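Me: Could you take a close look at one part of this model for me, the largest cavity and what surrounds it? I'd like to know which residues line it and how the strand that gives the most to the lining sits in the fold.

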Amino acid sequence: MQNRRVILVVEDNPIIRMCAVDLVDAAGFEALEAGSADEAILLLEARPDIHLVFTDVEMPGTMDGLKLSHYIRGRWPLVKLILASGKMIINESHLPANARFFSKPYQEGMIVGAMIALLSDGPAP
């Protein structure tokens with residue numbers, strides 16, 4: 001692999017996570033995966049080359065995807081964020097700055113378009 005942007009998929013459902021990883025790979029990015037916020041944080045600590053995190057909102061464990069996204073924004077401000085949920089709508093005012101939210105089921109083309117746009121937009125403030 002050479003210089004592909006790295007996207008971390010955070011999803012507790014293994015089937016949905018596998019589909020999201022396939023989506024990221026098919027779009028030409030390098031996909032990493034985590035089944036919880038705790039796993040995601042460990043990967044972010046180990047891999048400074050992660051450019052974007054695509055996370056589910058509803059997850060068991062120490063924090064859900066919304067809390068995880070705020071934690072990432074505070075600790076790794078350059079990492080881009082996309083959140084998705086099939087159970088709730090997250091008002092933009094509750095999202096970290098420059099994060100994007102999609103309701104499930106989402107259209108794969110819209111997710112890939114958001115990934116491309118976020119990754120070509122330069123560092124997050």
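Reply: Sure. The largest cavity is lined by V9, V10, E11, I16, A20, F54, T55, D56, A84, K104 and Y106. A cavity here is a set of points, on a 1 Å grid over the protein atoms alone, where a 1.4 Å probe fits but cannot get out, and lining residues have an atom within 4 Å of a point. Bear in mind that this is a predicted model, where local features need pLDDT of at least 70, side-chain atom pairs count only at pLDDT 80 or more, and totals for chains, interfaces and linings use all residues. Residues are numbered from 1 along each chain as its sequence is written, and side-chain values use heavy atoms, with hydrogens and water left out.

The space in there is about 50 Å³, counted as what is filled by probe spheres set on the points, with grid points joined across faces, edges and corners. Searching the whole structure turns up 1 cavity of 30 Å³ or more.

By element, β1, α1 (14-26) and β3 each supply at least two lining residues, and β3 gives the most, with 3. (Helices are DSSP runs of H or I with at least four residues, strands runs of E with at least two, numbered from the N terminus.)

So what about β3 itself? Of its 7 residues, 6 are buried, meaning under 20% relative accessible area with a 1.4 Å probe, protein chains only. β3 pairs in the parallel sense with β1 over 5 bridges, with V53 as the bridge partner of L8. Another 5 bridges join β3 to β4, again running parallel, and there T55 is matched with L83. Two strands pair if DSSP finds at least two bridges between them. From β3 the chain crosses through α3 to β4, a right-handed β-α-β crossover: with the strands pointing away from you, the path from the first strand over the helix to the second runs clockwise.

Those bridge partners lead into the largest nonpolar core, a set of buried Ala, Val, Leu, Ile, Met, Phe, Trp, Tyr and Cys residues joined through side-chain atoms within 4.5 Å. L8, V10, L44, V53, L68, I72 and L83 touch the most other members among its 25 residues. L68 is a handy link back to the cavity: its contacts (heavy atoms within 4.5 Å) include V10 and T55, leaving out residues up to four places away in sequence, and V10 and T55 are both in the cavity lining.

Definitions and conventions: Buried means under 20% relative accessible area, exposed over 50%, partly exposed in between (1.4 Å probe, protein chains only). On a 1 Å grid over the protein atoms alone, a cavity is a set of points where a 1.4 Å probe fits but cannot get out, and a pocket is an open set with protein on both sides within 12 Å along at least five of seven lines; lining residues have an atom within 4 Å of a point.
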